[in-house]
Structures are given as C-alpha cells and as structure tokens.
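Reader: I am a first-year student, and I would like a close look at a single part of this protein. Could you take me through the helices and how they are placed against one another, and then through what lies around them?

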Amino acid sequence: MKNSSNQIKIIFIIFLVLGITLSSFRRDADSEIPKKNISQLSRISLSDTTKKDPETGLIVDENLYMVKAQCTGCHSTKLIMANHFTRDGWKQKIRWMQANHNLWELGDTEKQVLDYLEKNYAPVQMVSRRAPLKDIQWYDLKLK
Ligand code: HEC
C-alpha cells in the first residue's frame with residue numbers, strides 16, 4: 001500500500017520534470033512567432049502604400065508609361081528599383097548611359113522620366129534614433 005503511493009509520487013515527479021522541460025522548449029518556439037509577424041506586417045504596410053506595376057515591378061504613377069517606354073529596353077527594371085538618387089543623380093546616370101551605353105537622347109520626355117524617378121526613387125530617409133535630449137532638469141530621487 002505504502003509502496004504503491006510512493007510509485008505514484010515518483011511518476012508524478014517524472015511528469016512534472018518532463019512538463020517543465022518541454023514547456024521551456026515550447027517558449028523558444030513561441031518567441032519566433034512575433035518576429036515573423038513583425039516582418040510580415042512591415043511588408044504588408046509597405047505594399048499597401050505604393051501600388052506596383054505587375055509587369056515591371058515599378059511604382060505606379062502618371063509618368064510610369066514614359067519610364068516603361070524609355071528605360072526597359074536594355075535592362076531589367078530591377079536596376080532602377082535597386083537605386084535611389086536625387087533628381088540630379090538620376091540625370092547623371094542618364095548622361096552616363098548616354099555616354100557609355102548607347103542610350104538615346106530623351107528629348108522632351110526626359111522631364112517626365114526625371115519627375116517620375118525623383119518622386120518614386122529618391123534617396124530613402126532612414127528611421128533613426130531621436131536626437132539626444134537637451135536641457136535635462138535632473139532632480140534628486142528622495143528615498144524615505
Ligand atoms: C540603350 C540601353 C539602355 C537604356 C534604354 C537604359 N539603360 Fe540603364 N543601363 C544600361 C546599361 C548597359 C547599364 C549597365 C548595366 C550593368 O552594369 O550591368 C545600365 C545601368 C543602369 C543603372 C545602374 C547604374 C549603376 O550605377 O549601376 C540604372 C539605375 C539605370 N541603368 C537606369 C536607367 C533608366 C532610369 C533608364 C531610362 C531613362 C535606362 N536605364 C535606360 C543601358 C540602358
């Protein structure tokens with residue numbers, strides 16, 4: 001009688017230890033879920049704010065058709081999407097392609113192309129830390 005109640009105690013302890021061990025593994029697995037959700041969320045919010053042209057992947061706006069006409073003949077639009085320049089920077093890239101890679105004169109359409117690139121593929125503003133606090137009024141923490 002006494003023997004069997006000890007056996008029950010031992011079995012209970014084994015299950016307890018097993019449960020604690022398993023639950024510590026489970027917590028590891030759970031902690032990865034929020035990380036995945038955050039990256040999913042940011043991907044969703046990015047794609048929500050800008051419409052992408054399914055054919056080229058470029059951002060849709062009223063001058064896209066001109067960029068498609070002038071800039072998709074020689075290379076993938078990924079080269080455009082991977083770059084972020086100022087209007088002047090884009091102009092220099094166009095001049096560079098004209099000088100070295102047989103890009104034709106864009107004529108009047110250059111303004112539309114530059115309007116598009118400046119608006120949609122400008123240098124990205126990084127979200128960074130706030131500026132350090134100034135004029136901090138320190139006070140003594142009084143403990144009773
Ligand atoms: C006549 C062919 C041609 C056309 C049209 C053309 N490009 Fe290019 N572009 C090139 C070549 C060639 C390269 C170099 C590719 C490489 O390095 O692999 C290039 C490279 C680029 C690069 C990468 C530059 C770098 O520093 O790596 C960008 C950005 C670019 N082109 C944008 C444009 C834009 C915007 C237009 C439309 C105005 C355009 N391209 C039209 C030929 C062209």
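Author: What follows begins with the overall make-up, goes on to the helix pairs and the ligand, and ends with single residues in the loops.

Please keep in mind from the start that this is a predicted model. The protein has five helices and zero strands, and read from the N terminus its elements run α-α-α-α-α. Of the 144 residues in the protein, 6% are buried. If we take the contacts in the protein with a separation of 6 or more, 60% of them are accounted for by residues that are 24 or more positions apart.

Let us take helix α5, residues 109–120, as the part to look at closely, beginning with its partner α2, residues 64–71. The axes of these two helices come within 9 Å, and they cross at roughly 110°. Angles from 65 to 115 degrees count as roughly perpendicular, and α2 and α5 are therefore roughly perpendicular to each other. The crossing in which α2 passes α5 is left-handed. On the α2 side the contact is made by L64, M66, V67, Q70 and C71, while on the α5 side T109, Q112, V113 and Y116 take part. Sorted by class, the residues of this contact of α2 with α5 comprise six nonpolar and three polar ones, with no charged residue.

The other helix to set beside α5 is α4. Here the axes of α4 and α5 also come within 9 Å, but they cross at roughly 130°. That angle makes α4 oblique to α5, and the crossing of α4 and α5 is right-handed. From α4 the residues R87, W90 and K91 make the contact, and from α5 it is L114, L117 and E118 that meet them. The contact of α4 with α5 has three nonpolar and three charged residues, and no polar ones.

With both pairs described, we can turn to the ligand. There are 16 residues surrounding the ligand, and the closest of them are C71, C74, L79, N83 and H101. One of these closest residues, C71, is also among the residues of α2 that make the contact with α5. Four helices, namely α2, α3 (78–81), α4 (87–100) and α5, each supply at least two residues of the shell around the ligand. Among the helices, α4 gives the most to this shell, with three residues. By class, the shell around the ligand has nine nonpolar residues, six polar residues and one charged residue.

It remains to look at three residues outside the helices, starting with G57, which lies in the loop between α1 (2–49) and α2. A residue with 12 or fewer other C-beta atoms within 10 Å of its own is exposed, and because G57 has 12 C-beta neighbours inside 10 Å, G57 counts as exposed. Although G57 and T77 are 20 residues apart along the chain, their C-alpha atoms are separated by 7.3 Å. If we leave aside the neighbours of G57 within four places in sequence, the residues in contact with G57 are K52, T77 and M81.

The other two residues are chosen for their backbone angles. Most residues other than glycine have a negative phi. N102, however, has a positive phi of about 60° although N102 is not a glycine, and its place is in the loop between α4 and α5. With 8 other C-beta atoms within 10 Å, N102 is exposed. D135 has a positive phi as well, of about 50°, and D135 is likewise not a glycine. This residue, D135, is found in the segment after α5, and because D135 has 4 C-beta neighbours inside 10 Å, D135 counts as exposed.

Methods
Residues numbered from 1 in each chain as written. Predicted model: local features only at pLDDT ≥ 70, side-chain atom pairs only at ≥ 80, totals over all residues. Axes fitted to C-alpha atoms, helices over the stretch in contact; angles between N-to-C directions. Parallel < 35°, antiparallel > 145°, perpendicular 65-115°, else oblique. Left-handed = near helix turned anticlockwise from the far one by under 90°. Contact = placed C-beta atoms within 7 Å. Nonpolar A, V, L, I, M, F, W, Y, C, P; charged D, E, K, R; others polar. Near = placed C-beta within 6 Å. Buried ≥ 20, exposed ≤ 12 C-beta atoms within 10 Å, placed from the backbone.
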